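Biologist: I should like to learn how burial, salt bridges and pockets are read from a model. Could we begin with the terms and then turn to the case at hand?

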Amino acid sequence: MKNNEQPFIPADYKDAQNYAAERLQSTSEGYAPTEGLLVAPQEINDFFFALQGEVEKRGHMDYTAYTTDLWQRLVDPQDKNSEAFKHFQGTLISSLHNIDMSEMIQPEIQSSMPDLVGQYSEIIRGVSVWSTGDVTATGYQLAKIESSGLRKAFFGAFTTRAAGAEYARKNTSYLVHDDKFNGLVDYVDSKMESDSDRPIKIVVIEDSVKNFKKAQDALNEKFGEGTVEVTPIWFTSSREGKKAIAEAEEGGEEAKKALQEKLIELNAISSFEDLLDAEKFGQLLADSYIMLDFDGVVGDNIAMRVEQSRVTFNALLEGARMHTHMTDEEITQHFKQMLQQIS
């Protein structure tokens, strides 16, 4: 998506599904997903995700921009229009869309979601699937969520265990945007007139600690301090949480104590089933609008990164073979040499 283009904002799951299919056809027509199973060396794998972070910092994730940067950094700095590059780009985008996320969602989400809805639906004001990623450019984030089966687990639970389909339509939302913080601000803005309570209560269930502050800062900037209050629930069974726990274990008693204080401060959970503890979470969730993050909370971001790395590396090898006529071993060495020049 170019900076002057309007971002696509899906109205619901169906709208998202249709748009993702259109973008898949537009950006990768004629290119089948890679079947390669080779694993990227660690330094190349690390670069894949470092570059992804670099692209995201420009404003939003865009895999058409990412593939261009990756090709020029590791294959040929002067080339972005060859058939080999187009093969890499189309193959990677089709491969990302083809990843089966149903195998990568947190195992207890299917079983605990109906119970959570049954227990809290009468005291909460709304629940949103909340996520950010490549929405407008290639529709990958939309396809990822669709293939996860979250539609059935999430909206199905509200339909069957709450007050039926009408309740689900009024009290659930699909907030999957190029920038989820913009989406959050727009959502809260839509609730301002009908919700007279101040501060409006937003519960954010996230795996990334920094996003609690980012959410609060975005809301403060739009509505002023004290108008909207973010209550954090830190999901610790993802990459960031596991790393923090491992580092505390290695850091001794002081580190363990600091982590424990952080877990309490951020209302940490290690499983969705923890939320069924009404004594602990009932008051915290009451009268709130809940933002349920997808990547790292519903989706297992550790398993997901492994599969993303696989398709990226193998699609890149396919394109580089066409461009250089070298062997996979020679190409891999070329990638490493290019990384050395970058660093």
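Modeller: A residue counts as buried when its relative accessible area is under 20% and as exposed when that area is over 50%, with partly exposed in between. Please bear in mind that this is a predicted model.

Biologist: Is Lys 180 buried or exposed by that cut-off?

Modeller: Lys 180 has a relative accessible area of 4%, and therefore it is buried. Its side chain meets that of Asp 293 in a salt bridge, at 2.8 Å from N to O. The two lie in distant parts of the chain, 113 residues apart: Lys 180 belongs to helix α9, and Asp 293 to strand β5 (residues 289-293). Asp 293 is likewise at 3% relative accessibility, so it counts as buried.

Biologist: Which residue forms a salt bridge with Arg 125, and how is each partner classed for accessibility?

Modeller: The partner is Asp 197, with the closest N and O atoms 2.6 Å apart. This pair, too, links distant parts of the chain, 72 residues apart: Arg 125 sits in the loop between α5 (109-120) and β1, Asp 197 in the loop between α9 and β3 (200-206). Arg 125 has a relative accessible area of 26% and is therefore partly exposed; Asp 197, at 39%, is also partly exposed. In total, the structure holds 18 salt bridges.

Biologist: What surrounds a buried position in a strand, for instance Ser 128 in β1?

Modeller: Ser 128 lies in strand β1 (residues 126-132) and is buried, because its relative accessible area is 0%. Leaving aside residues up to four places away in sequence, Ser 128 touches Phe 154, Ser 173, Leu 175, Tyr 187, Ile 290, Met 291 and Leu 292.

Biologist: How is empty space found, and what is the volume of the largest pocket?

Modeller: A probe the size of a water molecule, rolled over the atoms, shows where empty space is left. Here the largest pocket contains about 1000 Å³ of space. It is lined by 35 residues, and those closest to its centre are Gln 52, Glu 56, Thr 132, Lys 210 and Asn 211. Helix α2 gives the largest share of this lining, five residues. By class, the lining comprises six nonpolar, 13 polar and 16 charged residues.

Biologist: What is the make-up of the second largest pocket's lining?

Modeller: The second largest pocket, with a volume of about 220 Å³, has seven nonpolar, three polar and three charged residues in its lining. The largest share of that lining, five residues, comes from α14.

Definitions and conventions: Residues numbered from 1 in each chain as written. Predicted model: local features only at pLDDT ≥ 70, side-chain atom pairs only at ≥ 80, totals over all residues. Heavy atoms only, no water. Helix = DSSP H or I, 4+ residues; strand = E, 2+ residues; numbered from the N terminus. Buried < 20%, exposed > 50% of the residue type's maximum accessible area, 1.4 Å probe, protein only. Contact = heavy atoms within 4.5 Å. 1 Å grid on protein atoms, 1.4 Å probe; cavity = no way out; pocket = protein on both sides within 12 Å on 5 of 7 lines; lining within 4 Å. Points joined across faces, edges and corners; volume = space filled by probe spheres on them. Nonpolar A, V, L, I, M, F, W, Y, C, P; charged D, E, K, R; others polar. Salt bridge = Lys/Arg side-chain N within 4 Å of Asp/Glu carboxyl O.
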